[in-house]
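Thanks for coming. I'll take one chain by itself, then the contact between the two chains. Please have the structure open.

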Number of protein chains: 2
Amino acid sequence: MAKGASISGFPEWLPQERVVEQRVIDTLRRIFELNGFIGIETRAVETGASLLKKGETSKEIYLLSRLQEVTAGEENDTPVEDRLGLHFDLTVPLSRYVVEHSGDLAFPFKRWQIQKVWRGERPQEGRFREFVQADIDVVGNGSLPDHYEVELPLVMVSALEALREYGLPKATVHANNRKLSEGFYRGLGLSDVEGVLREIDKLDKIGPDEVTKLLVSECGATEAQAAACLDLADMTAADGAQLREKFDALCDAHSIARDGDAYALASEGVDTLAMIVDEAAAIRPGSVIADLKIARGLDYYTGSVYETFLDGAASLGSICSGGRYDNLASQGNRKYPGVGLSIGLSRLVSYMLHTAHATATRVSPSSVLIAVWDEEHRLDSNRIAAALRARGISADVAPTAAKLGKQIKYADKLGIPYVWFPNGANDEAGAPDEVKNIVTGDQEQADAATWNPAEDYAAQGVVLGKE
Amino acid sequence: MAKGASISGFPEWLPQERVVEQRVIDTLRRIFELNGFIGIETRAVETGASLLKKGETSKEIYLLSRLQEVTAGEENDTPVEDRLGLHFDLTVPLSRYVVEHSGDLAFPFKRWQIQKVWRGERPQEGRFREFVQADIDVVGNGSLPDHYEVELPLVMVSALEALREYGLPKATVHANNRKLSEGFYRGLGLSDVEGVLREIDKLDKIGPDEVTKLLVSECGATEAQAAACLDLADMTAADGAQLREKFDALCDAHSIARDGDAYALASEGVDTLAMIVDEAAAIRPGSVIADLKIARGLDYYTGSVYETFLDGAASLGSICSGGRYDNLASQGNRKYPGVGLSIGLSRLVSYMLHTAHATATRVSPSSVLIAVWDEEHRLDSNRIAAALRARGISADVAPTAAKLGKQIKYADKLGIPYVWFPNGANDEAGAPDEVKNIVTGDQEQADAATWNPAEDYAAQGVVLGKE
């Protein structure tokens with residue numbers, strides 16, 4: 001095989017880094033399951049028709065071709081809609097899965113899913129083309145109660161909280177509501193709602209002056225309308241009552257009639273957002289705040305939208321985003337409204353590894369390496385390892401009967417804390433086994449039927465190191 | 001979104017089936033880590049150059065195209081070698097990973113890996129185009145001791161043994177050795193070794209008569225040579241000594257000279273195979289047998305080859321295969337020889353679900369559903385759930401404040417064994433909470449700070465049901 005080479009955008013972890021990623025995955029799964037979410041795994045591919053229907057990223061897709069079709073020159077004979085492509089998120093596959101299996105699911109269906117997704121982008125510095133997402137969603141059959149719109153972000157907050165011991169800073173969910181924004185824009189007389197959301201979404205990147213220009217040039221807004229949009233985006237509120245008060249004052253200032261359809265739509269959004277911040281404050285103060293500039297790019301959201309930021313890591317952007325989507329999945333007249341959030345797990349792990357310096361306490365899962373005096377006695381060492389494994393203790397056996405110093409060096413390189421000497425330190429037949437902690441240097445007699453590693457050395461762990 | 005539709009060859013499990021698959025994955029990971037294997041995850045894609053180099057399945061590959069290249073008509077501008085494709089196994093990616101990261105790994109490198117792989121085949125009944133493999137391999141730097149050739153199949157045997165409680169029959173590894181076969185064929189005067197192996201591999205499918213014809217017509221064998229090949233394939237041995245004896249007798253019968261190169265090569269293979277069956281018999285009698293018709297399709301094997309069969313499930317074919325490969329990975333003059341085995345996990349799970357009728361004890365991970373008397377008091381129910389979760393008990397909260405019977409029905413549909421009534425059975429303020437086991441009908445007072453589910457109902461499990 002040719003010399004290996006990394007491919008830009010397809011991250012791959014070294015074993016000690018993978019331990020951190022695996023710990024993050026295990027932790028998220030534990031929290032999701034504690035909260036009653038059901039794990040599923042969907043196939044990696046969807047039809048082009050499914051992938052192309054929704055979402056701004058729909059153009060950044062990898063389509064598949066069978067090699068034999070390529071070599072036969074038949075690659076382009078099939079319309080894109082009928083071809084297979086790799087999923088670019090886990091929400092579109094969930095919607096398809098729910099419709100396909102609706103007869104076999106109990107609704108509302110709460111599911112967690114941690115899987116790779118792919119974006120068929122050009123290679124770009126700092127952009128992943130393959131990465132892992134960790135999603136929770138709840139999908140209703142016909143209808144879905146509002147209370148999930150506060151409960152799901154709170155589950156994500158507790159999941160992210162559980163990752164703080166591995167170096168993640170405190171996370172805060174910033175919530176907004178599409179109905180609130182749309183009602184307000186329409187009340188101002190703006191009809192290109194998606195366009196306005198797209199420009200507002202750029203606020204953090206390009207600043208208010210540039211956004212104002214774009215609102216005028218791209219969305220047909222007057223200077224006054226653009227200013228009103230920025231006033232809304234700038235609004236914050238300490239609680240639901242203040243949100244309502246400030247929003248109404250802004251509507252009055254811009255002559256949005258209280259009895260119009262636009263205000264009625266916006267008002268629904270204000271109610272939901274007020275409920276979210278008030279209930280979240282009651283359960284976990286400071287975890288979810290109203291932030292009216294949150295827009296979210298994907299066009300399938302119809303109500304609440306969320307982005308999540310880490311204290312002191314603004315440059316990372318949102319690490320957990322989502323929202324409510326009422327029209328993504330349907331079958332005939334039957335709709336399956338959902339609400340969900342997605343953690344960009346690979347970026348999170350990258351932050352934990354490279355900024356917080358999370359690292360595995362050891363590369364190997366094993367607590368102990370059984371030394372081998374000579375190849376004729378390897379079976380003795382194997383039997384000791386088997387006895388330990390039967391008691392749940394991970395054990396490895398030295399690869400060769402090299403000099404003892406070399407065997408200890410192998411354990412050290414893998415971070416295995418103990419080395420086991422069959423028949424004592426000098427291999428005297430009948431002598432009791434001995435085990436040495438190569439970190440502390442302590443050595444003691446040991447019996448594979450009863451010995452246990454000290455608690456500090458029992459399990460592979462993740463700790464925060466320094467650069 | 002359009003009505004969902006399954007795609008042939010891309011299996012997807014219902015939630016209760018996914019519980020079984022997840023249990024299989026967790027069990028294999030536990031056994032692999034007990035044995036000191038280090039978990040890695042490789043990217044899903046490799047370059048066409050890597051994928052096309054080795055292996056008979058190399059033609060069954062999915063290549064990727066960016067949608068934007070497809071719509072611009074640029075799809076075929078890049079040579080296949082420079083394009084990206086989905087990996088078709090986990091051995092080729094491991095070889096590339098080891099070479100790429102050799103400076104950061106401790107050798108011999110023992111790794112486990114459980115991931116999806118893809119085969120770009122035409123849709124065919126009963127063939128998976130996407131499936132999960134569970135692999136263990138050990139890769140040396142420059143050299144690799146033989147003892148791994150018996151240890152790795154034994155790890156797989158203990159992993160498969162751990163799955164027997166979920167309905168898997170007893171597994172037996174059938175081992176052979178490429179050097180043994182090659183030396184014997186060359187000793188007979190046959191030079192198309194790969195061709196002979198390919199035909200011998202068909203024995204179970206088409207029988208000895210057809211294989212004889214093919215050996216004659218495709219590999220240039222005489223009738224006598226073909227008969228000798230079948231005699232070898234037919235050979236079994238109770239132990240290493242008998243293997244050596246029978247093999248030497250067969251060589252004598254076919255006038256293969258003991259002092260020739262061919263016999264010397266074969267003899268190396270006999271030694272390794274004899275070592276494998278004898279050591280396996282000492283540790284786990286009946287787990288690994290010599291079976292000289294095992295050929296394995298993939299051309300990268302250079303020594304031991306393995307296939308694994310389940311008692312009473314011959315039609316399933318080999319469920320765990322592999323071998324030793326000395327030349328797959330290299331960098332300059334440096335070789336990285338390896339030995340590994342791969343479980344076809346999706347087919348195994350399919351067997352467990354559909355033949356052994358393994359099933360989840362419940363769909364939801366939750367032990368208890370907290371009832372909600374009315375939406376105004378949902379927060380009370382949420383607080384009870386939070387108190388239970390803080391103690392590690394998975395809890396769900398009723399989706400709506402529907403009639404109690406409907407809430408209990410929701411729990412029942414998800415298999416949640418307990419329903420919790422805040423303030424007792426009739427919601428009297430200040431009354432103690434009560435919890436009902438809806439399987440047994442037992443109801444008792446309970447405090448979220450101290451209550452635990454009975455052991456039988458504590459965790460989601462996997463049991464064997466009947467059709």
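Of the 467 residues in chain A, 59% are buried. Bear in mind throughout that this is a predicted model. In secondary structure, chain A has 15 helices and 20 strands. Its C-alpha atoms fit a box of roughly 95 × 60 × 45 Å along the principal axes. If you take the contacts in chain A between residues at least 6 apart in sequence, 68% of them link residues at least 24 apart.

Now the interface. How many residues does each chain bring to the contact? Chain A brings 104 residues and chain B brings 104 residues. Between them the two chains bury about 8900 Å², and carbon and sulfur atoms account for 56% of that area.

On the polar side, there are 40 residue pairs in polar contact across the interface of chain B and chain A, counting pairs with both residues at pLDDT 80 or more. The interface also has 10 salt bridges. One of them pairs the side chains of Lys110(B) and Asp396(A), at 2.7 Å from N to O.

Which element of chain B gives the most to the side that touches chain A? That is helix H1, residues 15-34, with 7 residues. The side of chain B that touches chain A consists of 48 nonpolar, 27 polar and 29 charged residues.

Last, the strands. Strand E3 of chain A, residues 62-66, runs antiparallel to strand E3 of chain B, also residues 62-66, and 5 bridges join them. Within that pairing, Leu63(A) has Ser65(B) as its bridge partner.

Note on methods. Residues numbered from 1 in each chain as written. Chains lettered and ligands numbered in written order. Predicted model: local features only at pLDDT ≥ 70, side-chain atom pairs only at ≥ 80, totals over all residues. Heavy atoms only, no water. Contact = heavy atoms within 4.5 Å. Buried area = accessible area lost by both parts, 1.4 Å probe. Salt bridge = Lys/Arg side-chain N within 4 Å of Asp/Glu carboxyl O. Polar contact = N/O pair within 3.5 Å; in protein donor to acceptor, adjacent residues only side chain to side chain. Helix = DSSP H or I, 4+ residues; strand = E, 2+ residues; numbered from the N terminus. Nonpolar A, V, L, I, M, F, W, Y, C, P; charged D, E, K, R; others polar. Pairing = 2+ DSSP bridges. Buried < 20%, exposed > 50% of the residue type's maximum accessible area, 1.4 Å probe, protein only.
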